[in-house]
Amino acid sequence: MGQSLKNRIRSVKRLLSKEDLPANVRVEKERELENLEEELQGKTHKEKTRKITKKYKRVRFFERVKLERALKQARAVLAAAQGDSAETNDAAAKVEALERDLQYVMYFPVGVKYVSLLRGSGEEIERRRAELREEIERNIAAGGAPNEDYGEPRGEDASAKAAQKRKPASQRGNQEKKKRGTAKAEEESEGDDFFLASDDD
């Protein structure tokens, strides 16, 4: 089995610490060390992005569904409004706000811890949301594509659900109760930091 990147970096650093290392070997190993450290940095960033995406995928999915439903209703109200009335203006403003909220969810930056639109309040949360909206709008203006990981989080659960259906009804019922209890405990333990967190670990 090959060495891990971290072990390879340590090995090269140990070699470079030798004072009698020939100049040509030192140049070669310094170049190798630079490449290994860049590779490790890229791998670490990719893994961090994967974990963040998985953690916040579910909440983004539910917010997208709620916003799409609210937007559909708001558009229906706007379509039914008469002329240039206060009702029309209010309905148009609501549609515009919901479209902007949906844009926030769909174009949310990849690899950034998600800040919920529908839960949490306070000056710090509002400031962070405003910063993210500005970043999203800049990315869209620059031709950025939607963050496609806002869809239904079903992939990793598909095989487990299929196996669950094959079990007797009594076993499925007990397992569903246990799962709901675990999910509730996890939600309570996460608290507000699930919806507002800095980009740093």
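Let me start at the tail. Over residues 182–201, pLDDT stays under 50. For that stretch the model has 27 contacts beyond four places in sequence. And yes, this is a predicted model. There is a second weak stretch. Residues 151–167 also have pLDDT below 50, with 16 contacts beyond near neighbours in sequence. Where pLDDT is low, the predicted coordinates should not be read in detail. So I leave both stretches there. For the chain overall, mean pLDDT is 76, and 72% of residues reach 70 or more.

Now the fold. How many helices and how many strands does the protein chain have? Six helices, zero strands. Along the sequence the pattern reads α-α-α-α-α-α. Of the 201 residues, 24% count as buried. The chain exposes about 14,400 Å², and carbon and sulfur atoms supply 50% of that. On contacts: take pairs at least 6 apart in sequence. Of these, 70% join residues at least 24 apart.

Next, helix 1, residues 5–16. Twelve residues at 1.5 Å a residue should span 16 Å. The end C-alpha atoms are 16 Å apart, so the span agrees. Which residues of helix 1 are buried? Leu5, Ile9, Val12 and Leu16. Seen down the helix axis, these buried residues fall within an arc of 65°, so they line one face. Here is the general rule behind that. An α-helix has 3.6 residues a turn, so residues three or four places apart point the same way. On the other side of helix 1, Lys6 and Arg14 are exposed. And the buried residues? They pack against helix 2.

Take two residues from helix 1. The first is leucine 16, which sits in this helix. Leucine 16 has a relative accessible area of 14%. The cut-off for buried is under 20%, so leucine 16 counts as buried. Setting aside residues up to four places away in sequence, leucine 16 touches Leu21, Arg26, Lys29, Glu30 and Leu33. Look at arginine 26 in particular. Leucine 16 and arginine 26 are ten residues apart in sequence. C-alpha to C-alpha, they are 6.4 Å apart in space.

The second is lysine 13, also placed in helix 1. Is lysine 13 buried, exposed or partly exposed? Partly exposed, at 44% relative accessibility. Leaving aside neighbours within four places in sequence, lysine 13 is in contact with Leu33 and Glu37. Leu33 is also on the list for leucine 16. One more distance. Lysine 13 and lysine 29 are 16 residues apart along the chain, and their C-alpha atoms are separated by 8.5 Å.

On to helix 3, residues 86–106. Helix 3 has 21 residues. From first C-alpha to last, it reaches 30 Å, close to the 30 Å expected at 1.5 Å a residue. Its buried residues are Thr88, Ala91, Val95, Leu98, Asp101, Leu102, Tyr104 and Val105. What covers them? The cover includes helix 2, residues 23–80, and helix 4, residues 123–141.

Aspartate 101 deserves a stop. Aspartate 101 lies in helix 3. Why does aspartate 101 count as buried? Because its relative accessible area is 18%, and the cut-off is under 20%. Beyond four places in sequence, aspartate 101 touches Leu67, Leu117 and Arg133.

Follow that last contact. Arginine 133 is in helix 4. At 16% relative accessibility, arginine 133 counts as buried too. Its contacts, again leaving aside neighbours within four places, are Arg100, Asp101, Tyr104 and Leu117. Leu117 also touches aspartate 101.

Last topic: the rings. The structure holds four aromatic pairs. One of them joins phenylalanine 108 and tyrosine 114. A pair of aromatic rings is described by the distance of the centres and the angle of the planes. For phenylalanine 108 and tyrosine 114, that gives 4.8 Å centre to centre and 65° between the planes. The pair is edge-to-face. Phenylalanine 108 is buried, and tyrosine 114 is buried. Ring pairs also bring in Tyr104, linking Tyr104, Phe108 and Tyr114 into a cluster. Tyr104 came up before: it is one of the buried residues of helix 3, and one of the contacts of arginine 133.

That's my tour. Over to you.

Conventions: Residues numbered from 1 in each chain as written. Predicted model: local features only at pLDDT ≥ 70, side-chain atom pairs only at ≥ 80, totals over all residues. Heavy atoms only, no water. Helix = DSSP H or I, 4+ residues; strand = E, 2+ residues; numbered from the N terminus. Buried < 20%, exposed > 50% of the residue type's maximum accessible area, 1.4 Å probe, protein only. Contact = heavy atoms within 4.5 Å. Areas by Shrake-Rupley, 256 points an atom, 1.4 Å probe, with all protein chains shown as cover. Expected span 1.5 Å × (residues − 1). Arc of directions from axis to C-beta. Phe/Tyr/Trp six-rings, centres within 6.5 Å; stacked < 30°, edge-to-face > 60°. pLDDT = per-residue confidence, 0-100.
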